[in-house]
Amino acid sequence: MLTEETKSIVKATIPVLEEHGEAITSAFYKHMFEQHPELLNVFNKTNQKLGRQQTALAQTVIAAAKHIDHLEAIIPNVNQIAHKHRALEIKPEQYPIVGENLIWAIGHVLGDAATPEIIDAWTKTYGVIADVFIQMEAALYDEADWQDFVPFKVVDIKQESTEVKSFTVQSDKVKVKSIKAGQYITVKVHPEDEQNDSLRHYSICSVDTTIGIKFAVKRDVAGTEKGLVSNYLHDHIKVGDEILLSAPAGEFTVEAPADKSIVLISGGVGMTPIMAMLEAEAAKGRDIKFIHSAYNRDAVPFKSEITKYHNKENVQFYFNYSESAGRLNKTKLADIINGNEEIYMCGSVAFMEGMLEVFNEMNIDRSQVHFEPFGPKMSITI
């Protein structure tokens, strides 16, 4: 338990953290990797270069400081991060390493302003927060279908669109008990000419595991940071090859009451977990509005799977092609969403931020909106 004095010191540092948060987290990552280069086998270097991981960590630290009296308020975000940690096979013994380097970074960036009292307060606070993560992750490890990374054989590869391939994999070493729609698996590869392993999360397309686990990968060629793992999977992995996977993870699942209608909305390859939700919820007879935004028709994945639902009375489809019609906006969605449904959506960080702005304009209660971005969730600032 933290004393009131410790809490007061932490809360007093909030303005400083808001001003220097990302400088602190940038220094933290740089120093930690210099001291523990083995951790480069775990962290996403692309997110590091683009600043996403730094933003997410800074937002998490600030949220902890603001809610130090009631840490349960940040449990939803902690839960999302805990699932990612379990999928990456983060272990309790790694938390002291993170803590040591985070406290060093606070002192390094703040200099003389980081008094012994502030360093002591944050050391104690980090210990409490780390214990919350460790306990939550322990429960997730207990629930997982298997431990660590296990080899799976690729039994099918399908070109789902111009940029997206699906991979179906099987293993004779572990049994897949069940998959919840919206979950993801984590792939571990070691591309040639790379010093470290590379781990990436990819959403599962289907809850049907009859022929194996099916997940989808979009080839990432945008911007200066090309997708290391996505391009490796697209260019080098063939049917018959083996890849390493950790057990399915994720809390982006449909929890709406059985009699409530839902809106499934996606951008680009964000359709992947949404397809699994469509499959699972349509089979229950739930009323579904399915909205997808893509650049054009050629960019829409899973066309053959979508056609299976065209004649179902409980499913309505809406497609938006930004090349010709522009982005989704309030005017377009006002004719589709009535404001009483539960909304589940997935896409890039930019897509999610844009949609959350639209929902704010539509006065849709944020509690009705459930989302999973492709990137650290705490880096979304809306």
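The exercises below work through the fold, two helices and a few residues of the chain.

This is a predicted model, in which local features need pLDDT of at least 70, side-chain atom pairs count only at pLDDT 80 or more, and totals for chains, interfaces and linings use all residues. Residues are numbered from 1 along each chain as its sequence is written, and side-chain values use heavy atoms, with hydrogens and water left out.

**Exercise 1. The whole chain**

Task: Work out how the radius of gyration of the chain stands against the globule rule.

Solution.
- Start with the secondary structure: 13 helices and eleven strands. Helices (H or I, at least four residues) and strands (E, at least two) are DSSP runs, numbered from the N terminus.
- The radius of gyration is 22 Å, close to the 21 Å from the globule rule for 382 residues, so the chain is as compact as a globular protein of that length. The radius is taken over C-alpha atoms, and the rule is 2.2 Å times the number of residues to the power 0.38.
- The C-alpha trace spans about 65 × 50 × 40 Å along its principal axes.

**Exercise 2. Burial, contacts and charge**

Task: State what share of the 382 residues is buried, then describe the contacts and the charges.

Solution.
- Buried residues make up 53% of the chain. Buried means under 20% relative accessible area, exposed over 50%, and partly exposed in between (1.4 Å probe, protein chains only).
- Take contacts between residues at least 6 apart in sequence: 75% of them join residues at least 24 apart. A contact means heavy atoms within 4.5 Å.
- Count the charges: 38 side chains are positive and 53 negative, and the centres of the two sets lie 6 Å apart. Lys and Arg count as positive, Asp and Glu as negative; His and the chain ends are not counted. Each charge is placed at NZ of Lys, CZ of Arg, CG of Asp or CD of Glu.

**Exercise 3. Helix 13**

Task: Compare the span of helix 13 with the expected span, then place Leu356 and Val358.

Solution.
- Helix 13 covers residues 349–361 and has 13 residues. Its end-to-end C-alpha reach is 19 Å, close to the 18 Å expected at 1.5 Å a residue. The expected span is 1.5 Å times one less than the number of residues.
- Its buried residues include Val349, Phe351, Met352, Met355 and Phe359.
- Leu356 sits in this helix and is buried at 1% relative accessible area.
- Val358 is in the helix too, buried at 8%. Beyond four places in sequence, Val358 touches Leu328, Asn329, Lys330 and Leu333.
- Just after the helix, Asn363 has a positive phi of about 60°.

**Exercise 4. Arg86 and helix 7**

Task: Decide whether Arg86 is buried or exposed, and list what Arg86 touches.

Solution.
- Arg86 lies in helix 5 (residues 75–87). Its relative accessibility is 3%, so Arg86 counts as buried.
- Beyond four places in sequence, its contacts are Glu137, Leu140, Tyr141, Ala144, Ser246, Ala247, Pro248 and Ala249.
- Turn to helix 7, residues 116–143. Among its buried residues are Glu137, Leu140 and Tyr141.
- Helix 7 has 28 residues and reaches 41 Å, close to the 40 Å expected.

**Exercise 5. Lys180**

Task: Find where Lys180 is and which residues Lys180 contacts.

Solution.
- Lys180 is in the loop between strand 2 (164–170) and strand 3 (184–189). At 53% relative accessibility, Lys180 counts as exposed.
- Leaving aside neighbours within four places in sequence, Lys180 contacts Val207 and Thr253.
- Ile204 is 24 residues from Lys180 along the chain, and their C-alpha atoms are separated by 9.1 Å.
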